[in-house]
Amino acid sequence: MPTPTPDSATELILIRHGETAWNRELRFQGHADVPLNDMGHEQARRLGLRMAGETAQHIISSDLMRAQQTAAPASLQLSLPVVTSASLREQHFGVVEGMRADEIQALHPRAWEEWLEFREDHAMPEGESARQFHTRIVAALGTLAATHRGQRLVVVTHGGVLDMVWRTARGLSLSGPRQSDIPNAGFNRIRIADPAMPDAIEIVDWADTRHLADLPPQPVYDQRRHLEKN
């Protein structure tokens with residue numbers, strides 16, 4: 001049984017959505033509304049069972065379909081409705097959404113070269129920079145912590161969001177490739193003690209996939225592999 005949340009702290013069980021066909025093909029998803037594939041639905045089902053040992057007061061999900069579908073089994077398990085929020089969406093990748101790395105390199109070579117520098121102020125054409133994305137996510141966390149102070153929330157969101165949380169909690173730069181493990185339907189737990197300081201994040205648990213242990217290996221989005229090819 002998890003340690004009770006201190007009266008003044010908000011605890012967030014953060015979940016990355018289950019697998020999609022675009023995850024399997026390593027396509028940039030961003031704000032594109034892609035559904036779960038069969039494996040993603042199985043991951044979500046198992047995540048729902050994993051929630052049997054948890055208590056929570058609310059479930060909040062990104063409004064994108066893949067997150068809402070992942071939240072559905074947990075909603076049934078905990079007997080809680082799913083409230084959606086566009087502020088929890090993935091980073092917006094603009095015109096390259098739906099493309100693989102090789103397609104971006106062919107169609108938008110300059111944007112791809114600049115993206116490989118992983119600078120916090122770079123954005124794909126018509127997209128969102130890491131700095132803009134981070135600002136949005138920290139503001140969303142602050143709103144959740146202020147609105148639900150002292151409660152435990154299940155928050156179903158996206159890999160990029162979890163990357164922003166990890167970097168913030170560890171005091172890492174927004175520049176540079178992703179450094180943390182962020183599996184589909186993985187279980188992560190954080191605490192925010194003060195809603196006025198949503199960037200003061202305590203990581204309690206990260207990338208727990210015991211509920212997915214006997215499933216096939218997941219597609220891994222490793223930004224560093226692109227650097228090795230160049």
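**Exercise 1.** In this predicted model, find which side chain is joined to that of glutamate 11 by a polar contact, and then describe the setting of glutamate 11.

*Solution.* Step one: the side chains of glutamate 11 and arginine 191 are joined by a polar contact of 2.8 Å. Step two: to place glutamate 11 in the fold, look along strand β1, which covers residues 10-16 and contains this glutamate. Step three: the relative accessible area of glutamate 11 is 0%, and because buried means under 20%, glutamate 11 counts as buried.

**Exercise 2.** Determine how far glutamate 11 and aspartate 199 lie from each other, both in sequence and in space.

*Solution.* Counting along the sequence, 188 residues separate glutamate 11 and aspartate 199, while in space the distance between them, taken from C-alpha to C-alpha, is 14 Å.

**Exercise 3.** Establish how many cavities of 30 Å³ or more the structure holds, and work out what lines the largest cavity.

*Solution.* Step one: the structure holds 1 cavity of 30 Å³ or more, and the volume of the largest cavity is about 520 Å³. Step two: this largest cavity is lined by 38 residues, of which Gln91, Phe93, Arg178, Tyr221 and Gln223 are the closest to its centre. Step three: the elements that contribute two or more residues to this lining are α1 (21-24), α5 (109-115), α6 (130-147) and α7 (159-170), with the largest share, 5 residues, coming from α7. Step four: sorted by character, the lining of the largest cavity consists of 15 nonpolar, 13 polar and 10 charged residues.

Note on methods. Residues are numbered from 1 along each chain as its sequence is written. This is a predicted model: local features need pLDDT of at least 70, side-chain atom pairs count only at pLDDT 80 or more; totals for chains, interfaces and linings use all residues. Side-chain values use heavy atoms; hydrogens and water are left out. Helices (H or I, at least four residues) and strands (E, at least two) are DSSP runs, numbered from the N terminus. Buried means under 20% relative accessible area, exposed over 50%, partly exposed in between (1.4 Å probe, protein chains only). A polar contact is a pair of N or O atoms within 3.5 Å; within protein, one must be able to donate a hydrogen and the other to accept it, and residues adjacent in sequence count only if both atoms are side-chain atoms. On a 1 Å grid over the protein atoms alone, a cavity is a set of points where a 1.4 Å probe fits but cannot get out, and a pocket is an open set with protein on both sides within 12 Å along at least five of seven lines; lining residues have an atom within 4 Å of a point. Grid points are joined across faces, edges and corners, and a volume is the space filled by probe spheres set on the points. Ala, Val, Leu, Ile, Met, Phe, Trp, Tyr, Cys and Pro count as nonpolar, Asp, Glu, Lys and Arg as charged, and the others, Gly among them, as polar.
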